[in-house]
Amino acid sequence: MRKDAKIYVAGHRGLVGSAIVRALEEKGYHNLIYRTSSELDLRQQSAVQHFFAEEKPDYVFLAAAKVGGILANSTYPAQFLYDNLMIQANVIEAAYRNKIDKLLFLGSTCIYPKLAPQPLQETYLLTGPLEETNEAYAIAKISGIKLCGSYNREYGTNYLSLMPTNLYGPNDNFDLGTSHVMPALMRKIHEAKMMRQSTVTVWGSGNPLREFLHVDDMAQACIFVTEHVKAEKAGEFINIGTGVEITIRDLALLLCEVIGFEGKLIFDPSKPDGTPRKLTDVSKIHHLGWKHRIELREGIQDTYQWYLKQMEEANE
Ligand code: GFB
């Protein structure tokens, strides 16, 4: 990528999009373009076609998506399926029509079958039934992978798909009803400490295993792959993760330690556990030359500092 290449980051205000913008700017890319969702509704085909025809970007990072935690996924399946199908179909087709050099599509490891062998190798896609709590989202993301692959096969495009494990970091969604576990527990534990409460409620049994990747590592992976990997070398898609997992219970305990909360954890079995385990096999991305840098404790400390700063600014 030339430093003056015109790069469109779709979803630039979200967790991943904002990290990609930060990382691109740090690396000296200076011709970035973006639109808020009120300026450009990516679900509207003609608006997307018009935007691409006018701007003609060289590269596209497709980080715009309807996302959320386990409860949001199971409460709003229609929105998760429709919005994501529309966004990705419109952007991928507009990229093709406007001869974009390279497009990066981002999915999630929830595309894998619920009970797939662990760690999850890329070849396990579509080998079994999906986890029910996020089936709609997973079907949308599998369609996105297949869309990129089909355009590559039929039209010779260079569209790559990355499947990150559970991400966290600055600019995450901290709304307790719709967020993922990391921001939800960070907020709950912080608030319990401030209010001198003796307990914090953790959803589910605490037994599910998850793998967490700091979003700044994810942004580095996105840029690395865009700069160095061709779609034909990547295969259908590439897992991005740390290859290290932790139970939700131990994650909660680690958060308590970093935040400095000494109360007790209470588990709420009325909330879903979701998939029991989803550990990525990261050999493919390691083989291509990328590895994560930020370990979990350090990443949580960094995110908590960011969270405190946001709280301070909001109270000023
Ligand atoms: O992060 P999370 O919402 O999503 O939940 P998934 C992970 C685990 O943490 C589940 C538990 O077992 C939750 O029950 N958990 C404990 C909590 N306390 C909380 C809490 O306060 N809030 C939340 N949200 N969870 C999502 C998928 O799955 O992960 C998406 O629904 C996507 O499709 C995303 O793949 C990365 O890891 O279960």
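Here is a quick briefing on the overall build of this protein and on a handful of its residues. Keep in mind that this is a predicted model. The chain folds into 11 helices and 12 strands. With a radius of gyration of 19 Å, close to the 20 Å that the globule rule gives for 316 residues, the protein is as compact as a globular protein of that length. The residue notes below cover the loop between E4 and H5, the loop between E6 and H6, and single positions in H5 and H10.

**Overall build**

- The C-alpha trace stretches over about 60 × 50 × 35 Å along its principal axes.
- Burial comes to 53% of the 316 residues.
- If you take the contacts between residues at least 6 apart in sequence, 82% of them link residues at least 24 apart.
- The accessible surface adds up to about 14,400 Å², and carbon and sulfur atoms account for 50% of that.
- On the charge side, there are 34 positive and 38 negative charges, and their mean positions sit 2 Å apart.

**The loop between E4 and H5**

- Pro119 falls in this loop, which follows strand E4 (102-106) and leads to H5.
- The peptide bond between Gln118 and Pro119 is cis, with omega at about -5°.
- Leu126 belongs to the loop between E4 and H5 too, and has a positive phi of about 60° despite not being a glycine.
- Leu126 also counts as exposed, because its relative accessible area is 56%, and the cut-off for exposed is over 50%.

**Ser150 in helix H5**

- Ser150 sits in H5, the helix that covers residues 135-155.
- At 31% relative accessibility, Ser150 is partly exposed.
- Its side chain comes within reach of a backbone atom: the oxygen of Lys146 is 2.6 Å away.
- Further along the chain, Glu236 is 86 residues from Ser150, yet the two C-alpha atoms are 9.7 Å apart.

**The loop between E6 and H6**

- Asn171 lies in this loop, between strand E6 (166-168) and helix H6 (181-194).
- Asn171 is not a glycine, but its phi is positive, at about 70°.
- With a relative accessible area of 32%, Asn171 is partly exposed.
- Thr178 is in the loop between E6 and H6 as well, and is partly exposed at a relative accessible area of 26%.
- Ser179 also has its place in the loop between E6 and H6, but this serine is buried, because its relative accessibility is 5% and the cut-off for buried is under 20%.

**What Thr178 and Ser179 touch**

- Setting aside neighbours within four places in sequence, Thr178 contacts Gly68, Gly69, Ala72 and Asn173.
- Of these partners, Gly69 is 109 residues from Thr178 in sequence, with a C-alpha to C-alpha distance of 5.6 Å.
- The side chains of Thr178 and Asn173 make a polar contact of 2.9 Å.
- Ser179, again not counting residues up to four places away, touches Gly69, Asn173, Phe174 and Ala184.
- Gly69 and Asn173 therefore turn up among the contacts of Thr178 and among those of Ser179, where contact means heavy atoms within 4.5 Å.
- A polar atom of the Ser179 side chain lies 2.9 Å from the backbone oxygen of Asp175.
- Asn73 is 106 residues away from Ser179 along the chain, and their C-alpha atoms are separated by 9.9 Å.

**Ile285 in helix H10**

- Ile285 is part of H10, which runs over residues 283-288.
- Ile285 is buried, with a relative accessible area of 0%.
- Beyond its neighbours within four places in sequence, the residues in contact with Ile285 are Val225, Ile238, Asn239, Ile240 and Trp290.
- Ile87 is 198 residues from Ile285 in sequence, and the C-alpha to C-alpha distance between them is 26 Å.

How values were computed. Residues are numbered from 1 along each chain as its sequence is written. This is a predicted model: local features need pLDDT of at least 70, side-chain atom pairs count only at pLDDT 80 or more; totals for chains, interfaces and linings use all residues. Side-chain values use heavy atoms; hydrogens and water are left out. Helices (H or I, at least four residues) and strands (E, at least two) are DSSP runs, numbered from the N terminus. Buried means under 20% relative accessible area, exposed over 50%, partly exposed in between (1.4 Å probe, protein chains only). A polar contact is a pair of N or O atoms within 3.5 Å; within protein, one must be able to donate a hydrogen and the other to accept it, and residues adjacent in sequence count only if both atoms are side-chain atoms. The radius of gyration is taken over C-alpha atoms; the globule rule is 2.2 Å times the number of residues to the power 0.38. Accessible areas come from the Shrake-Rupley method with a 1.4 Å probe; for residues, only the protein chains shown count as cover. Lys and Arg count as positive and Asp and Glu as negative; His and the chain ends are not counted. The place of a charge is taken as NZ of Lys, CZ of Arg, CG of Asp or CD of Glu.
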